[in-house]
Amino acid sequence: MAAPARPSRRVEEDRVPERFVYDPSRADFQGRIYEIYRQLRDAHRVYRNPDTGVFAISRFEDVRAAASDVQTFSSEGTSLGVGLLPHIQVMDPPRHDRLRRLVTMAFTPRRVAAMEPRIREIARGLLDQFSGKGRADLMADYARHVPSRAIGDMIGVPPERREAFLHWTESMVAVPSDGTQG
């Protein structure tokens, strides 16, 4: 009886590793997110996507240095803003600073403390909705709703429009598998 054939050393040497590409819009990105970020951090300290020209940095000290050097590094015009009206994540000073001051006023320690009872009420209400079922998808049934309802309350979204508000906000920031913004 013949022994089963083993791959020859030649076959193993012919395998070419897949070229590393950091592209959060790829369909397989979420399923490989930890592997991708580990490889980005360990092997590509400063990464430039050859297709889009977008840069990514992944190490804490590098990110901190870039974030504090707005003369050299810019967020404006990055892929984060494709398809959307300008938003705070892709603005540079002084526009970013003006908007950040406005947002910061809504989240002072006193205002956050005042919101805590309502946020607890939202969280408990969501837990009550699925606690008798014995199982839940914590992201779909719980985590995505807490901030949406809290912010919706802050800006006056009526209860009957909560689901629409959640859909709109998620659609606004979604990156479909074809790479276009939602």
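Leaving aside its neighbours within four places in sequence, which residues is D92 in contact with? They are S74, S75 and E76. Before going further, keep in mind that this is a predicted model. The chain has 182 residues, with eight helices and two strands. Here's a quick tour, starting with the overall layout and coming back to D92 along the way.

**The big picture**

- Follow the sequence from start to end and you'll meet helices and strands in the order α-α-β-β-α-α-α-α-α-α.
- Buried residues account for 18% of the chain.
- Take the contacts between residues at least 6 apart in sequence: 27% of these link residues at least 24 apart.
- The chain exposes about 14100 Å², and 57% of that comes from carbon and sulfur atoms.

**D92 and its surroundings**

- You'll find D92 in the loop that runs between α3 (60-67) and α4 (95-106).
- D92 is buried, yet it has no salt bridge. The nearest side chain of opposite charge belongs to R95, and it is 7.8 Å away. A salt bridge needs the nitrogen and oxygen within 4 Å, so R95 doesn't make one with D92.
- A67 is a handy landmark here: its C-alpha atom is 10.0 Å from that of D92, with their positions 25 residues apart along the chain.
- A67 itself lies in helix α3. With a relative accessible area of 61%, A67 is exposed, whereas D92 is buried.

**Aromatic rings**

- Searching the whole structure turns up six aromatic pairs.
- One pair to look at is Y22 and F29: the ring centres are 5.9 Å apart and the planes sit at 75°, so this pair counts as edge-to-face.
- Y22 and F29 are both buried.
- These two rings also belong to a wider group, since F20, Y22, F29, Y37 and Y47 form one aromatic cluster.
- V54 gives another way to get your bearings around Y22: the two are 32 residues apart in sequence, and their C-alpha atoms are 9.4 Å apart in space.
- V54 is in the loop between β1 (46-48) and β2 (55-57). It is partly exposed, at 27% relative accessibility, while Y22 is buried.

**Salt bridges**

- The count of salt bridges comes to 11.
- In helix α5 (residues 109-131), E121 and R118 sit three residues apart, about one turn of the helix. Their side chains meet in a salt bridge at 3.0 Å, N to O.
- R118 has 28% relative accessibility, so it counts as partly exposed.
- Some bridges share partners, and in this way R26, D28, R32 and E35 are joined into one network.
- Inside that network, the side chains of R32 and D28 meet at 3.1 Å, N to O. Both are partly exposed: R32 has 22% relative accessibility and D28 has 28%.
- Over in helix α3, R64 and E61 make a salt bridge of 3.9 Å, N to O. The two are three residues apart in the helix, so about one helical turn separates them.
- E61 is partly exposed, at 48% relative accessibility.

**A nonpolar patch on the surface**

- Which residues make the nonpolar surface patch of about 500 Å²? They are V103, F107, V112, I151, M154 and I155.
- Helix α7 (residues 145-155) provides the largest share of the patch, with three residues.
- I151 is found in helix α7 and is one of the residues in the patch.
- I151 has a relative accessible area of 39%, so it counts as partly exposed.

**Places to look first**

- For the aromatic cluster, start from Y22 and F29, two of its five named members along with F20, Y37 and Y47.
- For the surface patch, try helix α7, which gives the largest share of it.
- For a buried charge without a salt bridge, go to D92, in the loop between α3 and α4.

Conventions: Residues are numbered from 1 along each chain as its sequence is written. This is a predicted model: local features need pLDDT of at least 70, side-chain atom pairs count only at pLDDT 80 or more; totals for chains, interfaces and linings use all residues. Side-chain values use heavy atoms; hydrogens and water are left out. Rings of Phe, Tyr and Trp (its six-membered ring) pair if their centres lie within 6.5 Å; planes under 30 degrees apart count as stacked, over 60 as edge-to-face and the rest as tilted. Buried means under 20% relative accessible area, exposed over 50%, partly exposed in between (1.4 Å probe, protein chains only). Helices (H or I, at least four residues) and strands (E, at least two) are DSSP runs, numbered from the N terminus. Lys and Arg count as positive and Asp and Glu as negative; His and the chain ends are not counted. Contact means heavy atoms within 4.5 Å. Patches are made of residues with over 30% relative accessible area and no salt bridge: like charges are joined within 9 Å, nonpolar side chains (Val, Leu, Ile, Met, Phe, Trp, Tyr) within 5 Å. Accessible areas come from the Shrake-Rupley method with a 1.4 Å probe; for residues, only the protein chains shown count as cover.
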